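Work through these short exercises with the structure open. Try each task before you read its solution.

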Number of protein chains: 2
Amino acid sequence: MQFAAQFDLFDYLRMRQGLVNRELERAVASAYPERLYDAMRYSLMSGGKRLRPVLCIAACEATGGSAATALPTACALEMLHTATLIHDDLPAMDDDDYRRGRLSNHKVFGEGMALLAGDALLAYSLEFIIDNTRDVPSDRLLRVMRTLIHMVGVHGAVGGQAVDMESEGRDDVDLATLEFIHTHKTGALLEAAVVTGAVLSGADEDLIARMSRFAQDLGLAFQIVDDVLDVTASREQLGKTPNKDQAARKATFPRLLGVEESVRRARDLVERAKTELLPLAGGAAALLSMADYVCARSS
Amino acid sequence: MQFAAQFDLFDYLRMRQGLVNRELERAVASAYPERLYDAMRYSLMSGGKRLRPVLCIAACEATGGSAATALPTACALEMLHTATLIHDDLPAMDDDDYRRGRLSNHKVFGEGMALLAGDALLAYSLEFIIDNTRDVPSDRLLRVMRTLIHMVGVHGAVGGQAVDMESEGRDDVDLATLEFIHTHKTGALLEAAVVTGAVLSGADEDLIARMSRFAQDLGLAFQIVDDVLDVTASREQLGKTPNKDQAARKATFPRLLGVEESVRRARDLVERAKTELLPLAGGAAALLSMADYVCARSS
């Protein structure tokens with residue numbers, strides 16, 4: 001599958017990231033109570049890759065919708081993702097002092113305010129969608145909301161984090177549990193990004209199902225690569241503390257399968273993911289390039 | 001205003017609380033990951049008064065809707081309320097070891113799991129509304145969702161808690177700030193309960209605005225009475241640690257106005273609240289009785 005070769009991913013990402021960053025900047029303009037907004041802004045505007053927002057926009061565009069239609073949901077995905085990161089970094093959870101190359105939220109604003117900033121972003125993300133999405137029927141918007149809520153809660157990111165926490169320091173964590181953790185903790189929001197993009201454009205059920213499978217495979221590949229990078233990369237490359245997983249005796253793919261087999265598995269998943277997009281032909285160029293990019297990070 | 005005198009509030013509350021408790025029991029039936037569900041259930045099923053759910057049902061019934069229509073939103077309100085309580089009790093926030101006469105969530109499940117249980121309840125509450133509400137048009141349901149999200153987030157409970165935290169230990173907290181804290185921290189969800197009940201029944205804008213003002217006055221009265229009880233009641237009566245506010249040097253109504261003037265102000269607010277319901281005549285009996293009940297707690 002070479003037909004994404006001509007696509008300028010760098011240019012595509014830069015344009016979409018710019019759109020998202022400008023809209024996020026507007027979304028969390030300072031207001032009372034200032035310190036809460038400061039805490040929300042600090043983590044939201046800390047220069048993430050905006051992978052989930054761009055996936056959402058790309059999925060919407062690939063299925064015949066516009067970037068403008070997807071933009072509020074794209075921003076909401078980044079808010080939800082940031083909320084989970086702020087909470088995950090807290091001492092009671094993963095206890096990480098660094099995130100995206102800067103001090104974690106609670107190291108700057110204190111644990112209480114960090115907790116509230118996460119809660120606030122979680123709620124605000126959904127309000128932002130309702131207030132800013134134009135020309136999308138209410139029932140379609142409800143489906144978008146349901147998908148996001150489902151994927152961030154007990155059936156998604158929060159459920160994955162709970163199993164992750166319970167598994168820490170245990171030697172009997174098997175591959176099925178590890179895959180559950182990652183498909184929920186990381187995969188769910190990536191899937192939500194792609195699926196909501198397709199729902200917003202009015203894609204049919206077959207296409208939505210394809211997008212969902214594409215995102216599931218891509219999400220798992222993404223997490224495998226993350227695990228591999230945790231072993232092989234430096235703090236500068238990661239923007240966060242490396243070897244955290246090993247230090248915490250966490251189950252990881254490299255630990256269960258070895259680095260080489262992990263990388264091979266990620267590549268297989270990405271190849272399978274890409275076949276789901278065949279019906280979209282040239283329209284899928286951005287999504288295909290992004291899928292390749294996920295794997296390229298590991299090599 | 002005596003026309004609520006014949007109304008059997010005890011019977012009304014018992015019936016509605018029973019409805020809500022049975023539905024909540026069903027809503028959080030155990031599933032994987034069990035410990036997360038256990039933590040959610042522990043706080044959700046700890047025997048609260050279900051004030052917000054009953055207010056939502058009463059508002060829906062008073063404006064021509066049914067209890068069944070309001071029930072999913074009523075349950076969601078209790079989930080949202082419980083989520084904020086779990087997070088507020090954490091050591092990084094109000095640091096309270098007791099809630100509703102039992103150990104706080106984090107004292108039983110640990111801080112990390114308590115944090116996740118709060119997040120999970122926040123997300124699940126909204127999913128529960130979408131999945132279980134019957135015969136309500138999508139645009140009306142979106143308005144219900146927006147109201148809840150707005151009232152729990154930075155413009156509501158979370159914003160109020162942020163200002164509360166910032167004000168702790170300061171001597172210069174004035175009455176305006178104190179009212180901001182309470183109208184947001186406690187009042188917002190009470191208002192959301194009443195307003196969503198009216199929206200679900202299809203009430204007109206004038207009636208929704210009246211219900212909103214009713215709930216705002218009632219909510220502030222409720223919090224004033226809570227402050228008064230914190231000074232005058234025992235741990236057994238409160239089900240949580242008494243004199244916490246005083247110990248934390250928190251601004252409270254009794255501290256700023258004295259106990260007697262605080263009680264008088266709460267009564268005035270309740271009387272004003274009740275006048276908003278005049279157009280509903282007999283249909284408002286439950287809401288009027290509940291308003292009276294709020295004040296009666298303090299004497």
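The exercises below concern a predicted model.

**Exercise 1. The interface**

Task: Find how many residues of chain B are in contact with chain A, and which helices of chain B supply them.

Solution:
- Step 1. Count the contacts. 38 residues of chain B are in contact with 38 residues of chain A.
- Step 2. Locate them. Helices H2 (34–44), H6 (111–132), H7 (138–152) and H8 (157–167) of chain B each supply at least two residues of the side that touches chain A.
- Step 3. Find the largest share. H6(B) gives it, with 13 residues.
- Step 4. Sort by type. This side of chain B has 24 nonpolar, 7 polar and 7 charged residues.

**Exercise 2. The symmetry**

Task: Work out what rotation superposes chain B on chain A, and what relation that is.

Solution:
- Step 1. Recall the general idea. Two copies of a chain are related by a rotation about an axis and a shift along it.
- Step 2. Read off the values. The rotation is 180 degrees, the shift along the axis is 0.0 Å, and the RMSD is 0.0 Å.
- Step 3. Name the relation. This is a two-fold axis.
- Step 4. Find the axis on the chain. B:Ser138 comes closest of the residues of chain B, with its C-alpha at 2.8 Å from the axis.
- Step 5. Compare the surfaces. 100% of the interface residues of chain B are also interface residues in chain A, so the copies meet through the same surface.

**Exercise 3. A covered helix**

Task: Check the length of helix H3 (residues 51–62) of chain A, then decide whether H3(A) is mostly covered or uncovered.

Solution:
- Step 1. Predict the span. At 1.5 Å a residue, the 12 residues should span 16 Å.
- Step 2. Compare. The end C-alpha atoms are 16 Å apart, which agrees.
- Step 3. Check burial. In H3(A), 12 of 12 residues are buried, so the helix is mostly covered. Among them are A:Arg52 and A:Glu61.
- Step 4. Find the packing partners. The buried residues pack against helices H1 (9–27), H4 (67–89), H9 (175–201), H10 (205–232) and H15 (285–296) of chain A.
- Step 5. Look past the end. A:Gly64 follows H3(A) and has a positive phi, near 100 degrees.

**Exercise 4. A kinked helix**

Task: Find where the kink in H9(A) is centred.

Solution:
- Step 1. Check the span. The 27 residues should span 39 Å at 1.5 Å a residue; the end C-alpha atoms are 36 Å apart, which agrees.
- Step 2. Locate the kink. It is centred on A:Gly187 and is about 55 degrees.
- Step 3. Check burial. In H9(A), 21 of 27 residues are buried.

Definitions and conventions:
Residues numbered from 1 in each chain as written. Chains lettered and ligands numbered in written order. Predicted model: local features only at pLDDT ≥ 70, side-chain atom pairs only at ≥ 80, totals over all residues. Contact = placed C-beta atoms within 7 Å. Helix = DSSP H or I, 4+ residues; strand = E, 2+ residues; numbered from the N terminus. Nonpolar A, V, L, I, M, F, W, Y, C, P; charged D, E, K, R; others polar. Least-squares fit on C-alpha atoms with pLDDT ≥ 70 in both. Expected span 1.5 Å × (residues − 1). Buried ≥ 20, exposed ≤ 12 C-beta atoms within 10 Å, placed from the backbone. Bend = angle between axes of the 7 residues up to and from the residue.
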